[in-house]
Amino acid sequence: MSEITRNLTQRISKFQDGKGTPSVDKKTQLILLAILIAVMAAYPFLPFVNNYWIDVGFFVGIYVLLGLSLNIILGEVGLFNLGQAAFYAIGAYTTGILYTQLQIPIIVLLPLSALIAGGFAFLVTSPIIHLRGDYLCIVTIGIGEIVRITALNNPFGLTKGANGITGIGNPDFGIFSITTPTQFYYYVWIIIGLVIIGLINLQKSRVGRAWNYIREDEIAAEANGIDVRHYKLLAFVIGTALAGAAGNIYGSKMMIISPANFTFMESCLIFVIVLLGGLGSIPGTLLGAAIIVIFPEIFRQFANYRLLFFGAALVIMMIFRPGGILPRRRERAGFRGLGISKLPEDENTLLKEVLDSGLSTARQPEAAQEPTLKTKAHVHPPPNGLVLETQRVTVQFGGLTAVSQFDLTIRENQITSLIGPNGAGKTTLFNVITGIYRPLSGKVIFMGEEITGLKPHQITTKGIARTFQNIRLFPSLTSIENVMSGPHCHATNGTIPSIMRSPGQQKEERHILETASFRLHQVGLWEYRNELARNLPYGKQKLLEIARALASSPKLIVLDEPSSGLNDKETEELMEFLTKLIAEGLTILLIEHDMNVVMGISDRVSVMDMGSRIAEDLPQNIYNNPRVIEAYLGKEE
Amino acid sequence: MKKTNAWLFAIVVSLALVLSSCAQPGAAPAGTIKIGLQAPLTGDFAAEGQWAKQSVEIAADLINKKGGILGKQVEIVIADDASNPKDSALAAQKLISQGLKQVIASYGSSVTAPAADLYDENKVVSVAYGSTAVRLTMEKQRPYFFRTCGRDDTQSEFFVKFVTEKLNAKRIAIMHDNQDYGKGVAEDAMKFLQPYIDSGQVEVVYYDAITPGESDYSAVVSQIKAINPDVWFFTAYYPEAALLLKQAREAGVTSVFVGNNSVPTPEFEKIAGLDAIKGSIHLNEPMPQFLNFPESREFLDAYKAKYNEIPGSIWSVYAADALNALAAAITKAGGTDPDKVANAMRTMTDAKGITGPLLFTERGDRKDIPYYAYIYNDQGVLELYWPK
Amino acid sequence: MQMLPEQLINGLIIGSFYALVAMGYSMVYGVMKLINFAHGDLFTLGSYLGYTILVFGAGWVTATFGIWGGVIVAVLGAMLGIGFAGLILERVAYQPVYRAGRLPLVVSALGASIFISNGIMAVWGPRFQAFPEVSIPTGSIVLFGDFRITTLKLVTILVSLGLMGLIYYLVERTLFGAAVRASALDRDTATLIGIDFRKIIRFVFFVGPSLGALAGVFVGLNYTRIIFTMGWTYGLKAFTAVILGGIGNIPGAMLGGIMLGIMEALFEGFVSGAWKNVFVFLILIVILIVRPTGLIGEKIAEKV
């Protein structure tokens, strides 16, 4: 055990030396990148690189685009999509049909194919985006087959059936058109270059982080104010649009497309590219695509055995390097990896600036200085001093009543505790308040406004943040990235500004980072900022979850058994911390089993048993309430 | 530091790839003529690819034993197209990059098409051996493209002639597999049947596709049984033909089964079994075993001596004939200059192949491919049926 | 109007193959939460194993036990062989990857699938193989009207339904079955109450592939023709059946398989063969929109 702790502290100390970012690495990386680009640019002119190898380079490019397209869906968001070939096909067929029927130039069709592929994806995935992993997987396989067979069946004479569409033209820029293998090679790789720049910007923005939050833990993401459905659809649309563009380029190179190009095997190949390279890793996708295309080419001599080797290689690879060949290493990049420009070289300087600027008071309504992250909840004081009210809330699971006619009132700037025996329905009530369950009847009123039936992310945006009974962090993201999910719901910059890195977007990103830094420091985890959440010890994970909830600038924070699993000293510190939050103007709702905590810090206590409220009173009165004693100790016979 | 290693690894890999491309063979040594063969050695039609490779190698041996072409030995350079359009383009580019001027390519029309375009652009004479789609020669002129096999419409036209003149069938079922070849034949058959349909002489009582690659076709067999057509024309490949016929006969379907030129293979006989194949009719160009040209006997003997069987399909024989045609054309042209060879292909009059005279039209189609209907007799042996 | 019952029986036959293969997928998924992509290829391997037994043993087995004796030997041999192949697959390709999470496991499964199918090609060749005619039982009976069904098909249906019944009984009605189901529901709790999880894994990786092998041999016997790629086709359909019924749920897999077979037969028989698979997948998607966890999949409320 001590071995692990020592190891951890050693690793963390690397980031504590004031720099946090290993800058030597950055230099080497840049040099290597420059060499790679130079080799790529010179490739067609290298001795012995004939047209065949240039074409191989082109097809690597096509698969890089396809890999990048699926990487958004599978790598960034973790959605199993084994039907990417369908969208590739839609792009190719859009190009083929519109070029041959209407003579629209290929270059115009490039964005159009992307648009139609993305639009198609939006239509077909909207009704099924909520499906769980494997169900979504089979549906995407189905979409792949439906598209392929439809193309085969030549509806309205458009797709020309199995023959495919012939006579697709070359990309023509007016002054020159792209025809030779070398021109196509540069054409596809220049497009890839632009796409990669856009994707890296997207990856390092709130959009990219939102995708990662969903991949890591969908429920926690939703509860932290991420509109999960929106971001899943967004990933599908962007990812498939890219595949559609790849279809356009492929069609214009081959001049002929047929359903044989878009089989299930093709989807599997794209899937393997992403996993081979490493989920969410752009360099990994490049390498994965190169391997998938070049490996069979090199081993063509062993025609009968090459796929045998390939299969074995996949298995061996997953045994020894399951994260892919070039996984994305967030913890090494430090704040620099967040993609915000003009950050101070030293991360501690940033923290100092934040603390000095008085952001510490930003969460208080009167002092809210940063308009971008301000919530409405802070502006209007609640009527009657009631922050939250549940009115006769009832929840049933298959005929079993978990919460019955429950009334709860939470006053501003107080700590209210909800206690009760195990299975009393406390967590269920929490889930109703935070929107995860919809009550059968009854109302939830927050700041005078009914929020019953709103989605969790909408409720978080309105100003209720929560933690979970079993910690639900985003395990393979760094601590700072975890906390940066908090301010997400108040930020406004979407896909386009993120890709362009507009000044407004940069300002907002910096503000998200500042808010997160402040909260991380506040719970005492600043030194762990670049450590992956899953590597933190249990107690620190609990604190991180609280910091994440606080970072959404809530009015009310709902904590589900915050002291469970903490030792006495840690519990003591927690109580002190919660009291401080009250001093800062927050309102707290607690589920707690530790009576010392409950009695020590609560302003009011509500007692729940068998789903019903049996008491709501001041702590000292609860002690002597006979019904409470009965619920906890059983009735005296 | 690990990240650096990963980047280094990436660079090493890309450099290795660049270097491996240097391992390509250089210029042809003097004294040989290199001819390319693009075939599906892997993928769905791997068997066809292997047969084509074996047949072409046998044909090359025979040429070399007789002193080669213009006194030079023939060397076959093989590229695998995996029966897939993308790999086909790559295979073609590979052969082109090796400086070949004549290639045999390939099996399957949608696989051949992208390769044919590339060969044509690079002035490489290509001869297809298993690509029968009409559009390959009729949609646009490819000056360097030829084929030794027939065209879908020739076969379909023969089918219509056969059912109307010989079988006098009235109710006809046409079934394809939604793939390039089968659908092409089926569509052309419909086209040639149209006048007869209009005049009320025949009626097409079924026209649909089955899904290739499955095993159980009882649903469609039940349908055929209920419709009970006079003639049931299946236009696609033998694996499905065998299953359909077997299951239909088991279910008691008695319609006359007519298959196309890709059906009667040893595999077909083995899968369907003797009971099923008896009395089934297959439309074919003259089949190897019925050919009485000296060239065909010589080729089949050599093939049998080496592989202990005859080629599994007619297409591989066309591949061998593609080599024979190229050899004759190079001899006539006096060299491998593609323009001269292409010209010689169009104008040669006395080239003899395994499947008969090797004559080509201006657009590159094989001239005068006769068609015959063959029938399996009670012993499961093919016999000539019509025209005798 | 005998088309309808005829097509229903056609569907039942193909459906029982789907169901047999689907059960293997579902068992493994239930316990491991893994889509065993290699399962379809184990099915193919089973078919080839049965083929090899018949080719090399056809003479004396058939001479000694009669034609059905040969069939039984081939079926049992293939089931046993593929059961062990399943165990080896789990040990070599999956067990070392469990800790890495679900996605690497899926890739490993894809790799294993490619390896097995191409291994079959390397050993038995890329061409179609035909089960030897002498070892295939012949004979047929008229069920109704002029609807004729081979004795073999009848046996296929009966054996499949019988085995499905047996597995259903085993999983739903015995203590060991309860252990399997418990492991499927919650691995940690199952381990806590003393269930040997490794044993459960071995069970599903033996029984699932054996059922696939059984289906494989019967496919070979019924349709004669086998090829190394056929695992893809059957695997995809069987997996669709699993999802249709509700993944991880063994009765669901049976129901899904048989329903899928019948839907296919009816659509192909009465509407169009060319659009059959489009129809199948559309129905699947519609069912999943209405019931996101399959026909008899239980609603899973994630504990928060």
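Analyst: In this predicted model, a residue is called exposed if 12 or fewer other C-beta atoms lie within 10 Å of its own, and buried if 20 or more do.

User: Why is Arg392(A) called exposed?

Analyst: Arg392(A), which is found in strand β3 (residues 386–397) of chain A, has 12 other C-beta atoms within 10 Å. The limit for exposed is 12 or fewer, so Arg392(A), with its 12, counts as exposed.

User: And what makes Ser83(B) a buried residue?

Analyst: Ser83(B) has 23 other C-beta atoms within 10 Å, and buried begins at 20 or more, so Ser83(B) is classed as buried. Ser83(B) lies in the loop between β2 (73–80) and α3 (85–97) of chain B.

User: What makes the phi of Ser83(B) worth a remark?

Analyst: Phi of Ser83(B) is near 60 degrees, a positive value in a residue other than glycine. Most residues other than glycine have a negative phi. Arg392(A) is another residue to note here, with a positive phi near 45 degrees.

User: How do you know that the peptide bond from Ala105(B) to Ser106(B) is cis?

Analyst: The computed omega for the bond from Ala105(B) to Ser106(B) is near -5 degrees, and this bond is assigned as cis. Most peptide bonds are trans. Ser106(B) is found in the loop between β3 (102–105) and α4 (109–121) of chain B. A cis bond is also present from Trp386(B) to Pro387(B), where omega is near -15 degrees, and Pro387(B) lies in the segment after β14 (382–386) of chain B.

User: How do you know that domain 1 of chain A and domain 2 of chain A touch, and how many residues does each give?

Analyst: Chain A is divided into domain 1 (21–328) and domain 2 (413–430 + 452–633), and their C-alpha centres lie 40 Å apart. Contact is judged residue by residue, with C-beta atoms within 7 Å, and it takes 21 residues from domain 1 of chain A and 29 residues from domain 2 of chain A; the two domains therefore count as touching.

User: Which helix gives the most to the side of domain 1 of chain A that touches domain 2 of chain A?

Analyst: On that side, α7 (181–203), α8 (206–216) and α9 (218–223) of chain A each supply at least two residues, and α8(A) gives the most, with seven residues. By class, the residues of this side of domain 1 of chain A divide into nine nonpolar, six polar and six charged.

User: What makes up the contact between domain 1 of chain B and domain 2 of chain B?

Analyst: Chain B is divided into domain 1 (32–150 + 291–357) and domain 2 (153–284), with C-alpha centres 30 Å apart. Their contact takes 10 residues from domain 1 of chain B and 12 residues from domain 2 of chain B. The side that belongs to domain 1 of chain B has three nonpolar, seven polar and no charged residues.

User: What makes up the side of chain C that touches chain A, by class?

Analyst: The contact between these chains takes 36 residues from chain C and 35 residues from chain A. The side of chain C has 29 nonpolar, six polar and one charged residues. The helices α3 (102–124), α8 (230–245) and α10 (276–290) of chain C each supply at least two residues of this side, and the largest share, 13 residues, comes from α3(C).

Terms used:
Residues numbered from 1 in each chain as written. Chains lettered and ligands numbered in written order. Predicted model: local features only at pLDDT ≥ 70, side-chain atom pairs only at ≥ 80, totals over all residues. Helix = DSSP H or I, 4+ residues; strand = E, 2+ residues; numbered from the N terminus. Nonpolar A, V, L, I, M, F, W, Y, C, P; charged D, E, K, R; others polar. Domains from an automatic or database assignment.
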